[in-house]
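The notes below are meant for a colleague who is opening this structure for the first time. Please read them with the sequence and the view side by side, taking the points in order.

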Amino acid sequence: MEKSLYLEYVQRFFPQLVISIIERLNEKRANQLPYMYKTLLTPDFSADGRWSSILAEYNRVAADVVSLDSELPLKTRDSIETASGEIPKLGMKLYLTEKQMKDIDAMVAQNLPLNQIVNKIFNDLPRCLEGVWERIEDMFLSELSTGIGLSERNNGTGVRIDVGYYTANKFGVSVLWDNPDTSKPLDDMQKVFDKALEDQNTITDLWLDDIALKGFYQSKQVRGQYAFDNKVTAQEGIGVPTLDFEKAAQVAKTKWDVTLHRVARKIKTELNGVKKSHSPWQQGMVVFTCDEKLGSLVWTNTAETTRRVAGVEYQVADEFVLLSKYSKNDPLREFTSSQAMVVPIINNVDRIYTLDSKTIQA
């Protein structure tokens, strides 16, 4: 690695650009679908470079009423287990080709506006930063919908994180939700609420993808519940039409006092020059949660954070993303890179329930 070929610009603009790019990317995402991990996880630094998830069996047992001077009965202790592993390293790098660098040199020679030159030099910076965010979201959505966080289509070793969802908290359906005339989404979901009540947990939020939502919208049972709640009378020969998200959310709020969330997220990856999009959320899965925060975004320092290479210019974003600018020759290239050791981890999985609308429960 050698110092950046645009060292003057890098030293002058790199710090401010990182801050402005974070603000711009956050603003851009706010107008689309937000990064769920940013709102549902709390950043947590790991000194030893390992992550852990608490798997707790908190048994709330009422105290016994005993007469005076009687011996108190012995109760069993709550059990706590820990799943753990090493934090994986994420990152990507992009470079300016010789042709692109010659174009920048020509812009400098022509004394074009400074902002145009800076934009060309730092054009790869937003992609490198957002690439790390996308990968975290990829793992988190996979993990939330199944209990297993997967990082698909990687160069090199993939990532698989199992936080240990309870088998007793995993449900199927009585009739597949793709049959609107016979499906019973409300009955299926009520079983989950009954189990949570038995566990002394209060479900507050439901998370569904478009596959599960479509079945919920079209179900005759759900449409009938909406009609009953709103005193809607169907016209002769015409039933209550398919619901939309607002009406479906109203049904869930009225029946269980919970908030419905639509999860519709694609992650774009590139492997060996081939770009492809995939949905990290398990198709047809409904997730029931009881907490405002679901876990931790566990991070640690990369090796290069504390062992910085001479001549390379660095900046840190979000505490854990190390961004760098440097050059190499043969062929001559100007690199922008990002790296981070970070992983999304869901805690207290005893308070999370799943319902697979595509699997019949025996």
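**Notes on the fold and its packing**

1. Lys195 is a buried residue, since its relative accessible area is 16%, and the cut-off for buried is under 20%. This lysine belongs to helix H6, and, once neighbours within four places in sequence are set aside, Lys195 is in contact with Ala168, Asn169, Phe171 and Tyr353. Please keep in mind throughout that the model is a predicted one.

2. For orientation, the protein chain holds ten helices and 17 strands, and of its 362 residues 45% are buried. If one takes the contacts between residues at least 6 apart in sequence, 75% of them join residues that are at least 24 apart. The chain exposes about 19600 Å², and carbon and sulfur atoms supply 49% of that area.

3. In what order do the strands of the five-stranded open sheet run? The order is S7-S17-S12-S8-S9, and the pairing within this sheet is mixed. Strands S7 and S9 (259-263) stand at the edges with a single partner strand each, so that one side of each has no neighbour in the sheet. From one strand to the next, the twist averages 25°.

4. The mixed character can be followed at S17 (residues 352-360), which pairs with S7 in the parallel sense over three bridges, whereas S12 (residues 285-289) and S17 run antiparallel and are joined by five bridges. On the S7 side, Lys170 has Thr354 of S17 as its bridge partner, and Val173 has Ile360 of S17 as its partner. On the S12 side, the bridge partner of Met285 in S17 is Asp356.

5. Two helices deserve attention for how they lie against this sheet. H6 packs on the sheet and touches S7, S8 (205-209), S12 and S17, with a direction that makes about 155° with that of S17. Helix H7 (residues 210-218), for its part, lies across S8, S9, S12 and S17, and runs at about 105° to S8.

6. Helix H9 (residues 245-256) is a useful place to continue, beginning with H6 (185-198). The axes of H6 and H9 come within 13 Å and cross at roughly 45°, and the two helices are therefore oblique to each other. The crossing in which H6 passes H9 is right-handed, and the residues that meet are Leu186, Met189, Gln190 and Phe193 in H6 and Val251, Lys255 and Trp256 in H9.

7. How far apart are the axes of H7 and H9, and at what angle do these helices pack? Their axes are 10 Å apart and the packing angle is about 80°, which makes H7 roughly perpendicular to H9. The residues making this contact are Leu213, Phe216 and Tyr217 of H7 together with Phe245, Ala248 and Val251 of H9.

8. Helix H8 (residues 220-230) also packs with H9, at an angle of about 70° and with the axes 10 Å apart, and these two helices are therefore roughly perpendicular to each other. From H8 the contact draws on Val222, Gln225, Tyr226, Asp229 and Asn230, while H9 contributes Lys247, Gln250, Val251 and Thr254. A reader may wish to look at Val251 in particular, as this residue is listed in the contact with H6, in the contact with H7 and in the contact with H8.

9. Is Asp178 buried or exposed? Asp178 counts as exposed because its relative accessibility is 65%, and exposed requires over 50%. This aspartate lies in the loop between S7 (170-173) and H6. The C-alpha atom of Asp178 is separated by 8.5 Å from that of Gln218, although the two residues are 40 apart along the chain.

10. As a final point, Leu323 in strand S15 (residues 321-328) counts as buried, with 1% relative accessibility. Residues up to four places away in sequence not being counted, Leu323 touches Phe14, Val18, Leu125, Glu313, Tyr314, Gln315, Ala317, Ser337 and Ser338. The C-alpha atoms of Leu323 and Ala340, which are 17 residues apart along the chain, are separated by 8.9 Å.

Terms used. Residues are numbered from 1 along each chain as its sequence is written. This is a predicted model: local features need pLDDT of at least 70, side-chain atom pairs count only at pLDDT 80 or more; totals for chains, interfaces and linings use all residues. Side-chain values use heavy atoms; hydrogens and water are left out. Helices (H or I, at least four residues) and strands (E, at least two) are DSSP runs, numbered from the N terminus. Buried means under 20% relative accessible area, exposed over 50%, partly exposed in between (1.4 Å probe, protein chains only). Contact means heavy atoms within 4.5 Å. Accessible areas come from the Shrake-Rupley method with a 1.4 Å probe; for residues, only the protein chains shown count as cover. Two strands pair if DSSP finds at least two bridges between them. Axes are lines fitted to C-alpha atoms, for helices over the stretch in contact, and angles run from 0 to 180 degrees between N-to-C directions. Angles under 35 degrees count as roughly parallel, over 145 as roughly antiparallel, 65 to 115 as roughly perpendicular and the rest as oblique. A crossing is left-handed if the near helix is turned anticlockwise from the far one by less than a right angle, and right-handed if clockwise.
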